[in-house]
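Trainee: I would like a close look at a single part of this model, followed outward into its surroundings. Please take it slowly, residue by residue where that helps.

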Amino acid sequence: MYMDFHTHGKLAKYLPFSTEYTDWLLNEAKEAGLDAICLTEHFNTQQFDTLYSYIADRGDKEGDAYVIDGLKVFPGMETDIAEGGHVLSIGPMEAIRELNRRLTPYKSKNAFLPAEELFRLFDQYPVLVGAGHPFREGGHIPELSPELLARFDFLDLNGKDVAVDQDRTEHLTFGLGQRLNKPVVAGSDTHQAVQYGCIRTCFEEEFDTFEELAREMKAGRYQIVIHPDADIKVKTANVLKRALKEIHALGGDYVSVLLRNGGESPAVLMAKGHSAC
């Protein structure tokens, strides 16, 4: 089962939620060869709860996943910490939505919770916690205390960072995983569908609950697959994302521009394709 641990359902945090754009993203995830994604939207995005309510209504619930046109969507969230860095949490829909509501006072840059306080909050819910792109510039997760680092359940080998410098990203991320004895899994970090498939986690078994996910992850019954053109996919996605944001900034409807001709933009058609497990 191909899974992406780090994805987004919107083009950008400050943009309004669009059902059409989210539907397009989910369809393109499936077209890119994914069987499942963790939807780890930014905790301080506009209309967070609207997005997750839509997923819950749109999908057929199987275990902890919401199946939409054959794609399993596992709820999650990406949260900033005061020290600098992003923490992923994945868990049941009701837990993620309640956590997001409780984080409302801490959604501005000067109010982010320190990692220790965030972990105390997460401890109250049945969620798995991951270190998002731990070695990206500006983040300080590797500098957290050993006690806090030990509380992570997994590390994110991030597609955006692999595209920039694969050797460095793999060396540092797997090195930290080995030191902490924590699994390293793959997330594309996509906000724009061209990026899907740049990196994936291939599990040996199918599952639809977080209990099963944790078991398979901890047992290491998976491998990470990096697309041979990961750098091109990420660069193309970044260019298209900037262009769509500029359309919005100029007062245009970026969704209708993107979805014209059935949503198959030239960039998507160029970047499609995936390797075998």
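Mentor: In this predicted model, M3 stands opposite T201 in β10, and that pair is a convenient place to enter the strand. The partner strand on this side is β1, residues 2–7, which is joined to β10 by 2 bridges and runs antiparallel to it. A second neighbour is β11, residues 222–226, and here the pairing with β10 is again antiparallel, over 5 bridges; within it, R200 has V225 as its bridge partner. β10 itself spans residues 199–203, and 5 of its 5 residues are buried. The side chains leave the strand in two directions, with I199, T201 and F203 pointing one way and R200 and C202 the other, and every one of these five residues is buried. The charged R200 is therefore included in the covered set, since buried here asks for under 20% relative accessible area.

From β10 one can step along the sequence to helix α8, residues 210–219, in which F210, L213, A214, E216 and M217 are buried. After α8 comes G220, with a positive phi near 75°. L213 also appears in a nonpolar core of 19 residues, which includes F74, L88 and V185 as well and lies apart from the largest one. As a general background to such groupings, nonpolar side chains in soluble globular proteins tend to be buried together. The largest core has 72 residues, and I55 and F152 are the two that touch the most other members. Beyond its neighbours within four places in sequence, I55 is in contact with T22, L26, L39, Y66, I68, V73 and M93.

Returning to the first partner strand, β1 also holds H6, which counts as buried because its relative accessibility is 0%. Setting aside residues up to four places away in sequence, H6 touches C38, T40, E78, L88, H133, D156, N158, G187, S188, D189 and T190. One of these contacts, L88, is a member of the 19-residue core, while another, D189, leads back toward our strand, for D189 lies in the loop between β9 (184–187) and β10. The backbone at D189 deserves attention: its phi is positive, at about 65°, although D189 is not a glycine. Most residues other than glycine have a negative phi. D189 is also buried, because its relative accessibility is 3%. It can be set beside Q47, another non-glycine residue with a positive phi, of about 60°, which sits in the loop between β2 (36–42) and α2 (48–58); Q47, however, counts as partly exposed because its relative accessibility is 35%.

The loop before β10 also brings us to enclosed space. D189, T190, H191 and Q192 are among the residues that line the second largest cavity, together with K160, Q195, A237, N238 and K241. That cavity holds about 40 Å³, and its lining is made up of 1 nonpolar, 5 polar and 3 charged residues. Helix α9, residues 230–249, supplies the largest share of this lining, namely 3 residues. In total, 2 cavities of 30 Å³ or more are counted.

H191 and K241 then link this cavity to the largest pocket, for both are found in the cavity lining and both recur in the pocket lining, where they are joined by L11, A12, K13, Y14, H42, D80, H86 and K245. The space in this pocket is about 220 Å³, and its lining divides into 3 nonpolar, 3 polar and 4 charged residues.

One of those lining residues, D80, belongs to β5, residues 71–80, which pairs with β4 in the antiparallel sense over 3 bridges. The bridge partner of I68 in β5 is L71, and the hairpin formed by β4 and β5 has 2 residues between the strands, with D69 taking a positive phi near 50°. β4 covers residues 65–68 and, like β10, has buried residues on both faces: A65 and V67 point one way, Y66 and I68 the other. On its other side, β4 is joined to β3, residues 60–62, by 3 bridges in an antiparallel arrangement, E62 having A65 as its bridge partner. These two strands form a hairpin with 2 residues between them, and G63 in its turn has a positive phi of about 65°.

Methods
Residues are numbered from 1 along each chain as its sequence is written. This is a predicted model: local features need pLDDT of at least 70, side-chain atom pairs count only at pLDDT 80 or more; totals for chains, interfaces and linings use all residues. Side-chain values use heavy atoms; hydrogens and water are left out. On a 1 Å grid over the protein atoms alone, a cavity is a set of points where a 1.4 Å probe fits but cannot get out, and a pocket is an open set with protein on both sides within 12 Å along at least five of seven lines; lining residues have an atom within 4 Å of a point. Grid points are joined across faces, edges and corners, and a volume is the space filled by probe spheres set on the points. Ala, Val, Leu, Ile, Met, Phe, Trp, Tyr, Cys and Pro count as nonpolar, Asp, Glu, Lys and Arg as charged, and the others, Gly among them, as polar. Helices (H or I, at least four residues) and strands (E, at least two) are DSSP runs, numbered from the N terminus. Buried means under 20% relative accessible area, exposed over 50%, partly exposed in between (1.4 Å probe, protein chains only). Two strands pair if DSSP finds at least two bridges between them. A nonpolar core is a set of buried Ala, Val, Leu, Ile, Met, Phe, Trp, Tyr and Cys residues joined through side-chain atoms within 4.5 Å. Contact means heavy atoms within 4.5 Å.
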